[in-house]
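Thank you all for making time this morning. I would like to walk you slowly through one structure, so please have the picture open while I talk.

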Amino acid sequence: MAGPQLEMIRDSLDDLPPIPEVEGYTLRTMRMFGASSVADEEGWCACFAQWTAGPHETYTEAGWTPEKLRGWFAMEGGSGIEHPANLFLVECDADQSIVATACCWTTPNHEPGMGELGWVASVDGHRGKGLGNLVTIAVLHRLKLLGKKTARLNTDDWRVPVSVAPPPP
């Protein structure tokens with residue numbers, strides 16, 4: 001089935017909750033230049049591949065490579081991520097691995113004043129700790145900073161258990 005099956009809309013980015021802190025994890029944005037960018041790109045690909053393909057495939061088997069990720073930043077016509085500050089990462093403090101991610105899109109394809117929360121993912125062993133909530137709220141704050149008034153998330157029905165999961169204790 002092509003395209004997302006579900007769309008969730010947040011009618012207002014006013015009164016967002018503060019970005020939470022999760023003990024043992026650090027929220028930051030993607031680094032795209034220098035030696036550290038290679039680790040970020042590979043870590044993002046490994047994290048995202050688990051979400052899209054399952055934990056037993058490598059990110060290259062799932063079709064995600066650093067080159068493909070860089071291509072999303074370079075896409076013309078506003079159909080990509082546009083800027084590294086729009087791609088949030090959660091790093092595990094214990095080993096500096098990328099364990100969760102989400103991005104914001106502000107493309108011309110959206111309604112005026114609307115941004116999109118997308119590509120929310122986390123890796124096995126770190127799920128259920130509030131990392132999805134962390135990156136989601138961070139993206140919503142970024143969209144507001146970029147002047148957006150509303151936000152949407154498009155997803156597929158097989159992801160519903162994640163999108164309606166209760167917040168962690």
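Let me begin with a question about the chain: among contacts between residues at least 6 apart in sequence, what percentage join residues at least 24 apart? The figure is 69%, and I should say at once that what you see is a predicted model, so please keep that in mind for everything that follows.

First, the overall picture. The chain has 169 residues, and 44% of them count as buried. Its accessible surface comes to about 9,000 Å², with 56% of that belonging to carbon and sulfur atoms. There are four helices and six strands, and if you start at the N terminus and read along, the elements come in the order β-β-α-α-β-β-β-α-β-α.

Now to the sheet. The six strands form an open sheet with mixed pairing, and their order across the sheet is β1-β6-β5-β4-β3-β2. The edge strands are β1 and β2, each of which pairs on one side only, and from one strand to the next the twist averages 25°. For those of you new to this, strands of a sheet pair through backbone hydrogen bonds, and they can do so in a parallel or an antiparallel way.

Let us take the pairs in turn, beginning with β6, which covers residues 150-155. Strand β1, residues 6-10, runs antiparallel to β6 and is joined to it by five bridges, and one place to look is R10, which stands opposite A151 in β6. On the other pairing, strand β5, residues 114-122, meets β6 in the parallel sense over three bridges. Here M114 has T150 of β6 as its bridge partner, while G115 stands opposite A151 in β6, so you may want to find A151 in the picture, as we have met that residue opposite R10 as well.

Is strand β6 largely enclosed or largely open? Five of its six residues are buried, and therefore β6 is largely enclosed by the rest of the structure.

Moving along the sheet, β4 and β5 pair in the antiparallel sense, again through bridges, and there are five of them; in this pair A100 stands opposite S122 in β5. Strands β3 and β4 also pair in the antiparallel sense, over five bridges, and E91 has I98 in β4 as its bridge partner. Five residues lie between the strands in this hairpin of β3 and β4, and there Q96 takes a positive phi near 60°. As for cover, β4 is mostly covered, with eight of its eight residues buried.

Next, please turn to helix α3, residues 131-145, which together with β5 and β6 makes a right-handed β-α-β unit. The helix packs on the sheet, where it touches β1, β2, β3, β4, β5 and β6, and its direction makes about 25° with that of β4. Among its buried residues are L131, L134, V135, I137 and L143, and the elements that cover the buried residues of α3 include β1, β2, β3, β4, β5 and β6. We can also check its length: at 1.5 Å a residue, the 15 residues of α3 should span 21 Å, and because the end C-alpha atoms are 21 Å apart, the two values agree.

After α3 comes G147, whose phi is positive, near 90°, and K148 sits in the loop between α3 and β6. Is K148 buried or exposed? Buried means under 20% relative accessible area, and K148 has 18%, so it counts as buried. Leaving aside residues up to four places away in sequence, K148 touches L13, T106, G113, M114, G115 and L143.

Finally, I would like to set two residues side by side. D15, in the loop between β1 and β2, has a positive phi of about 60° although it is not a glycine. W119, which is found in strand β5, also has a positive phi, near 55°, and is a residue other than glycine. Their surroundings can be read from the accessibility: D15, at 74%, counts as exposed, whereas W119, with a relative accessible area of 13%, is buried.

Note on methods
Residues are numbered from 1 along each chain as its sequence is written. This is a predicted model: local features need pLDDT of at least 70, side-chain atom pairs count only at pLDDT 80 or more; totals for chains, interfaces and linings use all residues. Side-chain values use heavy atoms; hydrogens and water are left out. Buried means under 20% relative accessible area, exposed over 50%, partly exposed in between (1.4 Å probe, protein chains only). Helices (H or I, at least four residues) and strands (E, at least two) are DSSP runs, numbered from the N terminus. Two strands pair if DSSP finds at least two bridges between them. A crossover is right-handed if, with the strands pointing away from the viewer, the path from the first strand over the helix to the second runs clockwise. Contact means heavy atoms within 4.5 Å. Accessible areas come from the Shrake-Rupley method with a 1.4 Å probe; for residues, only the protein chains shown count as cover. The expected span of a helix is 1.5 Å times one less than its number of residues. Axes are lines fitted to C-alpha atoms, for helices over the stretch in contact, and angles run from 0 to 180 degrees between N-to-C directions.
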